[in-house]
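Colleague: Before we look at any detail, could you take me through how a pair of packed helices should be read?

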Amino acid sequence: MRDDREKWARIRIRIVGTVFAGVFVLVAARAFYLQIVKKDTWVKLAGRQHQKIVPLTPARGTIYDSTGASLAVSIEMDSCFAEPDGIENIPEVAARLAPLLNISKQELEKKLKGSKNFVWVQRHLAPDLAKKIKDLGIDGIGFVKETRRFYPNSEVAAHVVGFTGLDPQGLEGVELKYNSMMLGNTGYLVTERDALGRDIALKGQVVKKSSKGANVFLTVDKNIQYIAEKELTKAVTGSRATAGIALVMEPQTGKILAMANYPSFNPNAYRHYAPQCLRNRAVADSFEPGSTFKVFLIAAALEEKVVSQNDTLNCEGGSYAVGGRTIHDTHKYGSLKISEVLKYSSNIGAAKIGAKLGPQRLFSYLKGFGFGDRTEIDLPGEVTGYLRDNSQWYGIDLATISFGQGISLSAIQLATAVSAVANGGNLMKPYIVDRVSDNNGTILQQSYPQIRRRVISQKTASTIAKMMEGVTDEGGTGTKASVDGFTVAGKTGTAQKVDPLTRRYSASKRTASFVGFVPVEQPRLTILVVIDEPKTSSYGGVVAAPAFSEIAMQSLCYLKAPPGKPLKAKAQPPGSPLPPPKVQPALQAEEGTFELGDEGYAMPDFRGKSMRQVLRVMGKRDLNVKLIGSGRAVEQNPQPGQKIKVSDQVWVRFVPSA
Amino acid sequence: MKKAEGYDLIIVLMVVALTCFGVVMVYSASSIMATKKFHDGFYFLKRQGIYALLGFGAMAVAMRIDYHFWKKAAIPILLACLGLLVLVLIPGIGGSAGGSSRWLRLPGFSFQPSEMAKIAFIMYMAFSLDKKQDKVRFFSTGFLPYMVVLAVMLLLLLKQPDLGSSLTLGCVAMVMLFAAGTRLSYILSMLLLALPFLYYAIMHVDYRRRRIMAFLNPWEDPSNTGFQIIQSWIAVGTGGVFGQGLGEGKQKLFYLPEAHTDFIFSVVGEELGFIGVMVIVAMFFLLIQRGIRVALYAEDNFGRSLAFGISTLVGLEAFVNIAVVTGIFPTKGLALPFISYGGSSLIITLFAVGILLNISSRVRVLS
């Protein structure tokens with residue numbers, strides 16, 4: 001009996017549970033009907049409400065650079081609206097306003113006679129025009145303050161700052177990344193008494209003021225940014241390249257001081273630019289690094305003690321079979337010291353070091369330097385680059401990865417990794433926003449230098465730095481990166497590009513780069529210059545290194561960095577721009593020259609000249625010259641007097657004098 | 001082999017999530033109005049936050065009290081509540097808002113005894129149904145006494161006047177009797193008998209008649225009697241699939257009456273869209289199904305009736321509120337449990353959930 005009663009109670013409870021399920025389905029169906037089936041009806045009704053609520057766009061926060069200059073500001077402007085119900089004589093008002101607004105009377109009349117209770121007459125009026133209309137004192141015409149985004153420095157740091165759309169939503173760059181903080185609160189304007197006649201909101205009254213969003217302070221220095229942009233543009237246009245990137249970073253902190261892209265755009269008119277101009281290549285693109293990668297290979301090998309600084313490697317005379325293929329050096333070398341592998345950028349030497357290190361250790365160091373992972377810089381659209389797990393390296397992969405092929409990375413990754421070498425071994429988290437504060441100056445967000453991990457020891461870092469200094473010394477591949485008065489550590493990179501159509505290395509397209517830091521002992525700046533598809537020469541040492549040198553020189557002058565070594569006699573006083581790269585007649589006579597013939601230049605006689613002299617002459621002609629050995633020139637190709645073209649392979653061999 | 005399950009964590013999760021969501025929505029719905037009225041946009045947010053904390057405290061306490069305690073306490077609590085309901089009606093003690101005296105003002109705070117009365121009545125019924133065992137099938141012992149107590153309570157509630165609470169309580173009573181085994185014929189004839197009273201209660205009170213007329217044809221006078229429901233429809237309807245975004249609703253700006261209390265669900269519909277509505281409805285549904293599950297597997301008859309009564313009350317209130325907001329039912333002043341602004345309702349409901357959780361901790365299921 002008792003069990004029976006409990007059984008029935010349970011059945012009845014289940015019935016109630018089922019009824020609940022039914023009524024909740026009913027509610028869901030009703031919501032579906034109201035919100036999805038009939039949505040348009042309600043949207044229309046909302047628009048026709050007697051009382052209209054107009055959102056007021058808030059002023060976005062200002063973006064400042066590290067010197068306090070505004071890069072993006074919101075300017076307050078008057079917007080003019082009409083409440084047609086309150087206008088006595090629409091044709092007359094239209095006739096008075098139309099000429100002022102530079103629109104046709106008919107058009108305005110049509111607007112005012114529509115069914116809406118609220119229409120914008122014109123938004124963002126010029127101040128004098130707004131005053132003129134206000135002075136007319138027409139009933140039913142009102143004004144409200146709205147804001148509009150303006151970029152006072154136009155192109156400067158355009159890719160970093162980004163831009164906003166018509167409604168003030170950030171679409172790119174810091175404008176996008178920090179959109180929600182910079183947005184501010186939307187205000188509302190109520191245009192009529194509300195339907196119940198309650199005396200809450202009166203005609204044209206702002207019921208809620210919009211409030212300005214937070215201000216963003218960048219680490220970018222407008223002046224260094226300008227230098228980087230100017231020199232990058234010069235390097236890209238000078239080499240008839242398609243694009244380029246220049247990055248300047250503070251190695252100890254990871255602060256970005258400049259991030260320049262070419263081609264660039266004016267954010268005040270971003271709609272007129274092609275998408276490829278708007279992209280921030282420094283974080284959004286990845287490329288094969290080529291030889292700059294050898295820095296990290298050798299750093300890993302030294303740290304793991306598989307090689308020591310003074311070891312020598314047999315570079316097989318320029319051709320070496322590995323993993324079923326043959327790799328080549330651009331010049332033939334016999335035996336090279338580890339530092340020379342970097343200095344002359346020997347692929348064979350790199351492959352041999354890679355083999356000693358082995359795939360696991362190389363991979364773990366590359367991961368350690370941050371490759372294959374986002375740096376998590378506070379900019380949108382960052383790519384990870386491409387670094388396969390070492391379990392998926394086959395055949396020649398270990399060898400090619402050792403000299404920077406078959407992997408890809410972003411400019412920001414490369415600059416961050418080189419900064420780790422510069423600062424004594426710590427991989428920093430790069431950042432570009434120093435702080436965000438509200439309008440009372442209260443700090444909402446503050447960035448601090450953040451060490452992600454220690455990658456290599458202080459000792460290894462300084463050894464590598466010394467070796468990188470050799471690259472810019474006489475005979476190195478990066479002599480054009482040298483900066484008068486300062487020691488420069490760096491590495492050139494020249495990588496074949498993969499043709500997206502054939503998925504194979506392109507015969508002609510190259511990415512030329514130079515990355516390094518200055519001064520070597522107490523690095524102030526890490527600088528990376530990447531030139532995409534240069535035409536005049538494909539070598540990083542030719543195309544990118546001079547831009548590096550210019551950016552470094554001018555930035556150090558601007559930062560008032562004291563020179564660490566004696567200036568050369570011809571050096572310019574700090575602060576003044578360097579002379580334009582013109583051939584100076586005195587030097588020409590002394591060092592031999594090119595004579596422009598119908599088919600190109602004639603090869604000068606370099607015999608007996610120093611490496612520096614050779615480079616000075618060749619560099620000025622944007623010719624690509626390979627320097628073999630060190631000391632005085634003894635042999636050259638082509639022979640003196642022969643005609644040469646830009647695309648020709650030119651080499652000069654040197655032997656130590658006496 | 002039977003084993004105790006411990007507290008029903010899904011119920012805890014749903015209730016905490018709904019309450020926290022409620023605090024957010026109260027802020028969204030009230031901030032502009034509060035700025036205008038009190039010069040403090042956080043006015044209602046602060047209060048609702050404190051109520052939620054007090055409510056969680058009440059829930060934590062009730063969870064730890066062996067629910068058999070309420071068997072002994074049921075009759076004294078019921079009598080106390082009836083006393084309070086009488087007190088509310090005495091001018092000078094009861095405070096009134098909007099033409100009805102529902103509030104009992106004490107130094108420092110005020111509360112609505114009707115919220116407490118609902119739980120007291122459920123406790124009383126669970127206690128009494130358990131005591132009477134099989135006698136619930138007889139009219140004189142198992143039906144009539146409840147009707148008398150219910151009638152007294154409803155009269156006091158209607159005097160306030162609070163038709164919404166009266167109808168909810170009546171429904172909960174009938175559903176509990178149904179589950180306890182009362183003959184359907186009694187329940188149905190009771191409902192038939194109640195209809196003329198209901199008709200009288202509505203048609204002889206002007207504002208209720210207008211509400212019904214507005215419900216039947218809101219477009220007859222859209223700016224007056226039909227105003228509330230049309231504004232609610234516009235709010236919910238313009239939400240679409242994804243909503244306008246949290247805090248972005250416009251209807252709460254003086255269109256929606258009681259945007260932070262009875263019509264808070266309109267704001268949910270407008271700001272979070274169909275997806276938000278579905279999530280909230282699903283959370284309520286899950287909560288109620290878990291509550292009913294506790295009733296099904298409760299240790300004893302008292303626990304079963306109590307768990308069932310509490311679940312039914314919460315489910316019914318949620319359903320009726322959402323039904324009103326979406327225009328299935330005519331407007332009446334009923335809060336949405338856990339979400340609407342209001343201290344008494346939130347604290348008492350959380351307290352009742354605490355009791356439900358204590359019952360759930362003793363649930364035994366075959367494993």
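Modeller: A crossing is called left-handed if the near helix is turned anticlockwise from the far one by less than a right angle, and right-handed if clockwise. This is a predicted model, and in it the crossing of H4(B) and H12(B) is right-handed.

Colleague: Which residues of H4(B) and H12(B) make the contact?

Modeller: On the H4(B) side the contact is made by residues including Ile119(B), Ile122(B), Met123(B), Ala126(B) and Phe127(B), while H12(B) contributes, among them, Phe302(B), Leu306(B), Gly309(B), Ile310(B) and Leu313(B). By character, the residues of this contact between H4(B) and H12(B) divide into 10 nonpolar, three polar and three charged.

Colleague: What angle do H4(B) and H12(B) make, and how far apart are their axes?

Modeller: In general, two packed helices are described by the angle between their axes and the distance between the axes. Here helix H4 (residues 113–132) of chain B and helix H12 (residues 301–325) of chain B pack at an angle of about 150°, with their axes 8 Å apart. Because angles over 145 degrees count as roughly antiparallel, H4(B) and H12(B) are roughly antiparallel to each other.

Colleague: Is H4(B) largely enclosed or not, and how many of its residues are buried?

Modeller: Of the 20 residues of H4(B), 18 are buried, so this helix is largely enclosed by the rest of the structure. From its first C-alpha to its last, H4(B) reaches 28 Å, close to the 28 Å expected at 1.5 Å a residue, and just after the helix Gln133(B) takes a positive phi of about 50°.

Key: Residues numbered from 1 in each chain as written. Chains lettered and ligands numbered in written order. Predicted model: local features only at pLDDT ≥ 70, side-chain atom pairs only at ≥ 80, totals over all residues. Heavy atoms only, no water. Axes fitted to C-alpha atoms, helices over the stretch in contact; angles between N-to-C directions. Helix = DSSP H or I, 4+ residues; strand = E, 2+ residues; numbered from the N terminus. Parallel < 35°, antiparallel > 145°, perpendicular 65-115°, else oblique. Contact = heavy atoms within 4.5 Å. Nonpolar A, V, L, I, M, F, W, Y, C, P; charged D, E, K, R; others polar. Expected span 1.5 Å × (residues − 1). Buried < 20%, exposed > 50% of the residue type's maximum accessible area, 1.4 Å probe, protein only.
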